[in-house]
Amino acid sequence: MAGQAQFEELARQLSAVGAVKRDLGRILPADCSPGSAGVLTLLDRHGELRMSALSELLAVDMSVTSRHAAHLAERGWIERSPDPADKRSRILRITPEGHAMLAELTRRSTDLLADRLSDWTDDEVGQLIGLMTRLRASFGDCRSAQHRPHRPPPLPAHVPADVPADVPVSELPTWTAT
């Protein structure tokens, strides 16, 4: 098993992945937020979904899902129709325009990754994909209670006592033990 120092470095590296996500977010069209792109991706992958099922997949509140759905419907990227089994509920499905937008989003993100990783070998990219897939599998469904700690784990001994206990280790500066 890896040592504490390796896990600390891994935590720092994972928090730095935010820079990659921000760059990927910057290439989105002005009227397509990362949340909207996520909804389009899920509808493409899963087919038509009830609003409640989409909310569960996104791991967000129904009000957030509803705002994303309204935004996408206004642009013609999804359709919302009454659920035949429950007229109070809505079924969401991606439209041909939504598929076209998703194809554009995929092209943009693929082009950015190809540019930024142009000095990587095919094998290195494959290794990264494999390791990231394994990492996600190790965390399982992050929405389930079994993967959420009830309280934050204690901070390492070398962290000063005045640091609040709920500050993630990944957000702490690197201190040296004295």
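## Sheet pairing and helix packing

Strand 1 and strand 3 (residues 86-94) pair in the antiparallel sense, and two bridges join them. This is a predicted model. In that pairing, R50 stands opposite I91 of strand 3. L49 has L92 of strand 3 as its bridge partner.

The pairing belongs to an open sheet of three strands, ordered 1-3-2 and antiparallel. Its edge strands are strand 1 (49-50) and strand 2 (78-83), each of which pairs on one side only. Strand 2 and strand 3 also pair in the antiparallel sense, over six bridges. There, I78 stands opposite I94 in strand 3. Strand 2 and strand 3 form a hairpin, and two residues lie between them. In a regular strand, side chains alternate between the two faces of the sheet.

What lies across strand 2 and strand 3? Helix 4 (residues 62-74) does, running at about 120° to strand 2.

### The chain as a whole

The chain has six helices and three strands. From the N terminus on, the order of elements is α-α-β-α-α-β-β-α-α. The chain has 178 residues, and buried residues make up 20% of them. Contacts with a separation of 6 or more can also be split by distance along the chain. Of these, 46% join residues 24 or more positions apart.

### Helix 2 and its two partners

Helix 2 (residues 34-46) packs with helix 5 (residues 96-116): their axes come within 10 Å and cross at roughly 115°. Helix 2 and helix 5 are therefore roughly perpendicular to each other. Their crossing is left-handed. On the helix 2 side, the contact residues are A37, L40, T41 and D44. They meet G98, H99, M101, L102 and L105 in helix 5. By class, this contact has five nonpolar, three polar and one charged residues.

Helix 2 also packs with helix 3 (residues 51-58). The angle is about 115°, and the axes are 11 Å apart. That makes helix 2 roughly perpendicular to helix 3. Here the crossing is right-handed. V39, L42 and H46 of helix 2 meet L54, L57 and L58 of helix 3. By class, the contact of helix 2 with helix 3 has five nonpolar, one polar and no charged residues.

The two contacts are set out below.

| Helix pair | Axes | Angle | Helix 2 residues | Partner residues |
|---|---|---|---|---|
| Helix 2 and helix 5 | within 10 Å | roughly 115° | A37, L40, T41, D44 | G98, H99, M101, L102, L105 |
| Helix 2 and helix 3 | 11 Å apart | about 115° | V39, L42, H46 | L54, L57, L58 |

### Three residues in detail

V39 lies in helix 2. Is V39 buried or exposed? At 1% relative accessibility, V39 counts as buried, because buried means under 20% relative accessible area. Leaving aside neighbours within four places in sequence, V39 is in contact with L54, L58, H68 and L72. V39 and H68 are 29 residues apart in sequence. In space, their C-alpha atoms are 7.4 Å apart. L54 and L58 also appear in the contact of helix 2 with helix 3.

T65 is found in helix 4. With 0% relative accessibility, T65 counts as buried. Which residues does T65 contact, leaving aside its neighbours within four places in sequence? They are M51, L54, S55, L58 and V60. L54 and L58 are thus contacts of T65, and V39 in helix 2 contacts L54 and L58 too.

A59 is found in the loop between helix 3 and helix 4. What is its phi value near? Phi of A59 is near 60°, a positive value in a residue other than glycine. Most residues other than glycine have a negative phi. A59 is partly exposed, with a relative accessible area of 46%.

Note on methods
Residues are numbered from 1 along each chain as its sequence is written. This is a predicted model: local features need pLDDT of at least 70, side-chain atom pairs count only at pLDDT 80 or more; totals for chains, interfaces and linings use all residues. Side-chain values use heavy atoms; hydrogens and water are left out. Axes are lines fitted to C-alpha atoms, for helices over the stretch in contact, and angles run from 0 to 180 degrees between N-to-C directions. Helices (H or I, at least four residues) and strands (E, at least two) are DSSP runs, numbered from the N terminus. Angles under 35 degrees count as roughly parallel, over 145 as roughly antiparallel, 65 to 115 as roughly perpendicular and the rest as oblique. A crossing is left-handed if the near helix is turned anticlockwise from the far one by less than a right angle, and right-handed if clockwise. Contact means heavy atoms within 4.5 Å. Ala, Val, Leu, Ile, Met, Phe, Trp, Tyr, Cys and Pro count as nonpolar, Asp, Glu, Lys and Arg as charged, and the others, Gly among them, as polar. Two strands pair if DSSP finds at least two bridges between them. Buried means under 20% relative accessible area, exposed over 50%, partly exposed in between (1.4 Å probe, protein chains only).
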